[in-house]
Amino acid sequence: MAEMKENNNVLSVNNLVVSFKTDNGIVKAVRDISFDLKQGETLCIVGESGSGKSVTSKSIMGILANNAIIENGNIMYRGENLLEVSEDEFYKIRGHKIGMIFQDPLSSLDPIVKIGPQITEAMMLNSDRLKLMYQDLISDDLIRYKNTLAHMNIAIDNERKKMDALVAEVKRRKTFSSKEQIEADKKQIAAKQAEFKIFEKQTREKYMAQAKEYKEILAKTEEKAKKQVAEYKASVDSKYKKKLAEAKNRLSSASGDQRQALEKEYEALKEEYDSKLRITKAEAKKRAIEVMREVGIPEPEKRFNQYPFEFSGGMRQRIVIAIALTAAPEILICDEPTTALDVTIQAQILELINRIKAERNLSCIFITHDLGVVANMADRVAVMYAGKIVEIGTAEEIFYDPRHPYTWALLSSIPDVDSKERLEAIPGTPPNMIYPPKGDAFAPRSRYAMNIDYREEPPMFKITDTHYAATWLLDEHAPKVEMPKIVSERIKNSLEGTR
Ligand SMILES: Nc1ncnc2c1ncn2[C@@H]1O[C@H](COP(=O)(O)OP(=O)(O)OP(=O)(O)O)[C@@H](O)[C@H]1O
Ligand SMILES: [Mg+2]
């Protein structure tokens with residue numbers, strides 16, 4: 001059962017379709033995209049303005065605008081479909097495990113609140129140590145159980161989609177089919193439906209047996225965790241309650257200077273007791289200052305009490321990164337984090353993100369339209385056009401063996417290292433996403449477009465295990481077209497400095 005084997009994906013987006021209701025019609029912003037994020041990697045999403053990059057990242061963060069309609073798909077993280085979890089739970093995941101850095105640091109900072117409290121806010125929201133301890137103790141077993149159910153549903157869903165695709169295909173060709181063909185098709189569909197029923201039943205049985213076993217283990221773990229947490233609480237209580245009572249006693253019979261000293265002692269003891277049960281303000285501040293230092297903010301103790309306007313653009317972006325980091329996320333989503341900054345500051349921030357990513361072993365989704373940035377950051381690259389991923393592969397594959405004409409066009413628009421001039425801008429403009437073109441949406445702007453590109457959507461052709469592209473040029477019947485030489489040379493030249 002291949003689907004059940006453990007993989008190293010931390011996040012997986014499957015068949016995501018997002019549209020927006022507007023006065024002019026439905027904007028089809030993201031049109032069926034799927035990708036995985038692997039543990040520890042940086043996946044860059046690149047594409048022109050309006051291609052759906054931010055809508056994708058906002059879907060993961062659960063912060064889409066109110067007029068958004070999620071039409072299909074799931075986003076799996078730790079056994080949960082992020083598109084379905086309750087708001088309360090989502091907030092926890094968003095705050096804790098997935099951090100996001102936006103293009104404009106000012107818009108994510110509150111101008112009238114000092115930097116310090118903005119950094120500690122997330123920590124204070126999830127400060128109950130007993131709860132955190134419990135969650136930690138059960139998390140592995142809980143995720144394993146939830147993953148099993150999620151994988152079952154995805155396996156069945158995929159099979160159902162294959163069946164639906166067959167039915168759709170048969171329907172399409174029906175008008176041109178002979179009687180015999182129609183009969184044969186009917187039989188084929190009936191067979192497929194029967195096959196699906198059996199698959200569904202068997203898959204359910206298999207996974208449910210596994211899930212049942214995991215659930216039993218989980219129930220035991222939960223029992224044990226509850227006990228452990230209760231024991232911890234009891235041990236803290238027994239240690240401090242008596243001490244506190246004694247201190248209070250002494251305090252009530254004291255006076256003058258002695259009273260003041262005892263009062264201080266009592267407060268310190270209370271703070272210590274408190275800190276065993278929750279993350280206190282003092283501790284949050286200490287941690288915030290550590291993180292500020294980690295992201296390269298000089299004099300963090302002093303800066304803690306300043307307002308956003310007292311910081312430069314680059315420093316503000318460091319603060320935003322610090323805020324994302326205090327929650328100790330597993331995944332960092334950066335949406336054009338350096339676009340608003342000037343070039344030298346840009347390079348510093350990129351270096352900072354790369355360093356933190358390595359030190360904390362984060363997995364990263366990095367969104368940009370700048371291929372120079374991609375070359376510096378990416379392990380893998382997904383190229384988006386008109387709401388679809390048109391090519392995905394390792395950074396090597398995308399830069400040195402790109403296959404989609406849109407990727408060629410993007411690559412040829414990298415400015416030359418010496419002359420700084422762009423080889424050619426991509427001709428034409430991106431499509432109106434209320435009426436996305438049929439077939440390959442890039443066809444009207446592509447000099448390699450064929451008839452079929454205007455009629456039928458190309459599937460994702462597999463080039464290697466890691467490299468896929470959706471272009472009819474990869475069909476066996478297509479004429480052999482290579483990436484223009486001038487583009488490949490330009491890429492070689494431009495990347496020599498960066499990679
Ligand atoms: N709230 C909204 N209402 C209507 N349309 C929207 C909304 N948000 C995004 N869109 C549309 O969805 C499409 C994708 O937008 P998105 O912001 O994801 O682009 P992007 O790739 O991030 O571009 P950029 O590089 O400019 O940031 C665009 O056509 C955009 O106009
Ligand atoms: Mg954007």
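How many bridges pair β4 and β5, and in which sense do they run? The first legend takes this up, and the model in every view is a predicted one.

**View 1. The hairpin of β4 and β5.** These two strands pair in the antiparallel sense, over 2 bridges. Look for Tyr77, whose bridge partner in β5 is Glu80. The hairpin has 2 residues between its strands. One residue to spot in the turn is Arg78, with a positive phi of about 50°.

**View 2. The open sheet of 4 strands.** Here the strand order reads β2-β1-β4-β5, and the pairing is antiparallel. β2 and β5 (80-81) sit at the edges with a single partner strand each, so one side of each has no neighbour in the sheet. Further in, β1 and β4 (residues 68-77) run antiparallel and are joined by 8 bridges. Two pairs help you find your way along this ladder: Leu11 has Tyr77 in β4 as its bridge partner, and Phe20 stands opposite Ala68 in β4. So that Tyr77 doesn't get lost between views, remember that its bridge partner in β5 is Glu80. Helix α1 lies across β1, β2 and β4, and its run makes about 70° with β2.

**View 3. The surroundings of ligand 1.** The shell here is made of 16 residues, and the closest are Phe20, Ala29, Ser49, Ser54 and Ala65. Phe20 is also the residue that stands opposite Ala68 in β4. Three elements, β1 (9-22), β2 (25-38) and α1 (53-61), supply at least two shell residues each. The largest share comes from α1, with 3 residues. Sorted by class, the shell holds 6 nonpolar, 9 polar and 1 charged residues.

**View 4. The open sheet of 8 strands.** Now the order is β6-β7-β8-β3-β9-β10-β12-β11, and the pairing is mixed. Its edge strands, β6 (98-101) and β11 (461-462), each pair on one side only. Packed on this sheet is helix α13 (residues 405-412), which touches β3 (42-46), β9 (380-385) and β10 (388-394). The direction of α13 makes about 105° with that of β9.

**View 5. β8 and its two neighbours.** On one side, β7 (residues 331-335) runs parallel to β8 (residues 363-368), and 5 bridges join them. Leu332 stands opposite Cys364, and Ile333 opposite Ile365. β3 also runs parallel to β8, again with 5 bridges, and here Val46 stands opposite Thr368. Are the residues of β8 mostly buried or exposed? They're buried, 6 of 6. Ser363, Ile365 and Ile367 point one way from the strand, while Cys364, Phe366 and Thr368 point the other way.

**View 6. The nonpolar cores.** In soluble globular proteins, nonpolar side chains tend to be buried together. The largest core in this model has 90 residues, and Cys44, Ala322, Val374, Val381 and Val383 touch the most other members. Helix α9 (residues 313-326) gives the most to this core, 8 residues. Apart from it lies another core of 6 residues, including Met152, Ala155, Tyr207 and Leu218. What does Ala322 contact once its neighbours within four places in sequence are left aside? The list is Ile119, Val291, Met292 and Val295.

Technical notes
Residues are numbered from 1 along each chain as its sequence is written. Chains are lettered from A and ligands numbered from 1 in the order in which they are written. This is a predicted model: local features need pLDDT of at least 70, side-chain atom pairs count only at pLDDT 80 or more; totals for chains, interfaces and linings use all residues. A residue is near a molecule or strand if its C-beta atom, placed from the backbone, lies within 6 Å of it. Ala, Val, Leu, Ile, Met, Phe, Trp, Tyr, Cys and Pro count as nonpolar, Asp, Glu, Lys and Arg as charged, and the others, Gly among them, as polar. Two strands pair if DSSP finds at least two bridges between them. Two residues are in contact if their C-beta atoms, placed from the backbone, lie within 7 Å. Axes are lines fitted to C-alpha atoms, for helices over the stretch in contact, and angles run from 0 to 180 degrees between N-to-C directions. A nonpolar core is a set of buried Ala, Val, Leu, Ile, Met, Phe, Trp, Tyr and Cys residues joined through C-beta atoms within 7 Å. A residue is buried if 20 or more other C-beta atoms lie within 10 Å of its own, exposed if 12 or fewer, and partly exposed in between; C-beta atoms are placed from the backbone.
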